[in-house]
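Visitor: Please show me the structure, and let me ask how its descriptive terms are justified.

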Amino acid sequence: MQKIRKGDKVVILAGKDKGRTGEVIQVMPKEDRAVVRGVNMVKRHTRQSQSQEAGIINKEAPLHLSNIAIVDKDGKPTRVGFQVVDGKKVRVAKRSGDVIDG
């Protein structure tokens, strides 16, 4: 079970986008990286293909999981722990103790 999942609201802890928040679009557990919407934008020079035109496009680059944290209900970053609730393993915010999902 992963601590950060697709759809989570996260805050950036380090790097050029420090302090910004966004939603996780994709998680790459093998590389320990995640892509966050609108954060860590890079320019990519692309060739023309059948599906898209040539030119410079802006897209999100992956961030290391150590540099992002889930946003707690008060808007501040929190660490994630696990607890068994009603026989189900759930994610819990360390800051507030709230269950993050289900």
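Guide: The following exchange sets computed values against their definitions. This is a predicted model, in which local features need pLDDT of at least 70, side-chain atom pairs count only at pLDDT 80 or more, and totals for chains, interfaces and linings use all residues. Residues are numbered from 1 along each chain as its sequence is written, and side-chain values use heavy atoms, with hydrogens and water left out.

Visitor: Why does Gly 7 count as partly exposed?

Guide: Buried means under 20% relative accessible area and exposed over 50%, with partly exposed in between (1.4 Å probe, protein chains only). The relative accessibility of Gly 7 is 41%, so Gly 7 counts as partly exposed.

Visitor: What does Gly 7 touch, leaving aside residues up to four places away in sequence?

Guide: With contact meaning heavy atoms within 4.5 Å, Gly 7 touches Glu 23 and Val 24. Gly 7 lies in the segment before β1 (9–12); strands are DSSP runs (E, at least two residues), numbered from the N terminus.

Visitor: How do β1 and β2 pair?

Guide: Two strands pair if DSSP finds at least two bridges between them. β1 and β2 (residues 21–28) have three bridges, in the antiparallel sense. Glu 23 in β2 is the bridge partner of Lys 9.

Visitor: What makes β6 and β8 edge strands?

Guide: The open sheet of six strands has the order β6-β3-β2-β1-β7-β8, with antiparallel pairing. β6 (63–64) and β8 (77–78) each have a single partner strand, so one side of each is left without a neighbour in the sheet.

Notes:
Helices (H or I, at least four residues) and strands (E, at least two) are DSSP runs, numbered from the N terminus.
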